[in-house]
Amino acid sequence: MEQQNFFSTAGDSEAGRPLASRLRPRNLEEFAGQQHLLGPGKVLRQLIDGDRVPSMIFWGPPGVGKTTLARIIAHKTKANFIDFSAVTSGIKEIKEVMQTAEANRRFGEQTILFVDEIHRFNKAQQDAFLPYVEKGSIILIGATTENPSFEVNAALLSRCKVFVLHALSTAELAGLLRRALADPRGFGDRTVKMEDDMPEMIAAFANGDARTALNTLEMVVLNGEIQPDGSTVVSRETLEQCTSKKSLLYDKHGEEHYNLISALHKSMRNSDADAAVYWLARMLEAGEDPLYVARRIVRFASEDVGLADSRALEICVAAYQACHYLGMPECSVHLTHAVVYLSVAPKSNALDVAYNTAKQDALTMLDEPVPLVIRNAPTKLMKELHYGEGYQYAHDTEEKLTNMQCMPDSLLGRRYYVPTRQGSEARIAERLAQIAAWREAHKNDP
């Protein structure tokens, strides 16, 4: 627990602090990213400018400015700022801080309590905040990298507004790095020479994390070659030594993260196993999270192969589990197994088309009632209202089929799933034709 002035570090040597600390934004104008929340007219910006900040939770990945944004809010609203650690503080410390905040409130002073990693608090600790949040003794700002729906008590969560902070884009990080090179708080007091595309390479390596980007820039500058005129030259060799292969592979020809996964996806869709394996290797050797690739191929298994080969989904789920158990580099062969299987498998997007077509009807015809015949009737009143009346149990028939109507009247005859003639779907198409023929023949049966 630490009560601080805005960014004050009395007694600290400015030069001795890390670049990320020296360049910490002092106001919203210096804050990088999160324009969906802080851009002109956006909700959080209006709350801050109007000094109407509620208790809230910042949910986002590391290095996107959750703590910095809380400090800027405290400064702009002229509130006391208390930095509270979820790791080292218990209920006793919570109550002590709450009593101080309550006393300050009586004198008209507002207190912002910032709790980093709020998901680490247990239920009792989180509950201790409730009465003070409700009374307005504090404005609680919690930060978490975990989904607050699962990690924050429902009672506390219902009293907080959740704002989702996004990973910074490569362009946003590159802009931040260029500002660090020009700002006197950064390297503005020295001449640093590097190739024009190097900030983008560092930004791509940082993968949305501003702290990583600034730390990497500081490392490459401090390891640059000092020239006789006092300038610092950062070579590509220096950058390569200070970063992993990820930045070089992802930026060597300007490819972005989404370009590579798109290349993998489209190569598999085009049944080009060799291209698919190449793009897979590009991603994994660049440092991509294998679980990210595994999740994408699980989606592909149903979106682009589907019932043409139902084994595809089983193999991809197994590959995901193997990646989870083993990690890199061992799981590369399991992903290759799945990617090659998907590439050579028969293709069908019938399931994806079926859902999206049904989705359109669901969104435009939301008032369609469920036919009474297929409604459940657990109570006497429901039975009196004819719920479930006339229901036909398919297992009681020899064909395991009935002519019972399951669609709403306005959608009778609507077809969503239309199988292709690829792989197993050819047999499914024959089965659906048999079912349709049987129902046509028995449509007038009682």
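Select F121 to begin: at 3% relative accessibility, F121 counts as buried, because buried means under 20%. Keep in mind as you click around that this is a predicted model.

**Stop 1: the partner of F121**

Now add F129 to your selection. F121 and F129 form an aromatic pair of the edge-to-face kind. Their centres are 5.6 Å apart, with 70 degrees between the planes. Is F129 buried or exposed? With a relative accessibility of 0%, F129 is buried as well.

A pair of aromatic rings is described by the distance of the centres and the angle of the planes. Try turning your view until you can see both rings clearly.

**Stop 2: helix α6**

Colour residues 123–135 next, which form helix α6. F129 is one of the buried residues here, and Q125, Q126, A128, L130, Y132 and V133 are buried too. An α-helix has 3.6 residues a turn, so residues three or four places apart point the same way. Look just past the end of α6 and you will meet G136, which takes a positive phi of about 85 degrees.

**Stop 3: from strand to helix to strand**

Keep α6 on screen and show strand β4, residues 111–116, together with strand β5, residues 139–144. Which hand does the unit made by β4, α6 and β5 have? The three make a right-handed β-α-β unit.

Look at how the two strands line up. β4 and β5 pair in the parallel sense, over five bridges. Two partnerships are worth picking out: F114 has I141 of β5 as its bridge partner, and D116 has A143 of β5. As for cover, five of the six residues of β4 are buried.

**Stop 4: both faces of β5**

Hide everything but β5 for a moment. How many of the six residues of β5 are buried? Six of the six are. Show the side chains and look at one side, where you will find I139, I141 and A143. Turn to the other side for L140, G142 and T144. Both faces of the strand are covered.

Bring in strand β2, residues 56–59, another pairing partner of β5. The two strands run in the parallel sense, with four bridges between them. Find M56, and you will see I141 of β5 standing opposite.

**Stop 5: more rings**

Stay with β2 and select F58. A search of the whole structure finds four aromatic pairs. In one of these, the rings of F58 and F163 have centres 6.5 Å apart and planes at 55 degrees, so the pair counts as tilted. The two residues belong to distant parts of the chain: F58 is in strand β2 and F163 is in strand β6 (residues 161–164), 105 residues apart.

Check how covered each one is. F58 has a relative accessible area of 0% and is buried, and F163, at 2% relative accessibility, counts as buried too.

**Stop 6: charges over rings**

While F163 is selected, add K161. K161 lies over the face of F163, at 5.7 Å from the ring centre. For another example, jump to R22 and F187. The charged end of R22 sits over the ring of F187, 6.0 Å from the centre.

**Stop 7: a three-stranded sheet**

Move on to an open sheet of three strands, in the order β7-β9-β8, with mixed pairing. Which strands are at the edges? They are β7 (192–193) and β8 (225–226), each of which pairs on one side only. Select β7 with strand β9, residues 232–233: these two run parallel and are joined by two bridges. V192 has T232 of β9 as its bridge partner.

**Last stop: zoom out**

Finally, show the whole chain as a cartoon. The secondary structure comes to 21 helices and nine strands. Along its principal axes, the C-alpha trace spans about 90 × 60 × 40 Å. The radius of gyration is 29 Å, while a compact globule of 446 residues would have one near 22 Å. Of those 446 residues, 43% count as buried. And among contacts between residues at least 6 apart in sequence, 72% join residues at least 24 apart.

Definitions and conventions
Residues numbered from 1 in each chain as written. Predicted model: local features only at pLDDT ≥ 70, side-chain atom pairs only at ≥ 80, totals over all residues. Heavy atoms only, no water. Buried < 20%, exposed > 50% of the residue type's maximum accessible area, 1.4 Å probe, protein only. Pairing = 2+ DSSP bridges. Right-handed = clockwise from strand over helix to strand, strands pointing away. Phe/Tyr/Trp six-rings, centres within 6.5 Å; stacked < 30°, edge-to-face > 60°. Lys NZ or Arg CZ within 6 Å of the ring centre and 35° of its normal. Rg over C-alpha atoms; globule rule 2.2 N^0.38 Å. Contact = heavy atoms within 4.5 Å.
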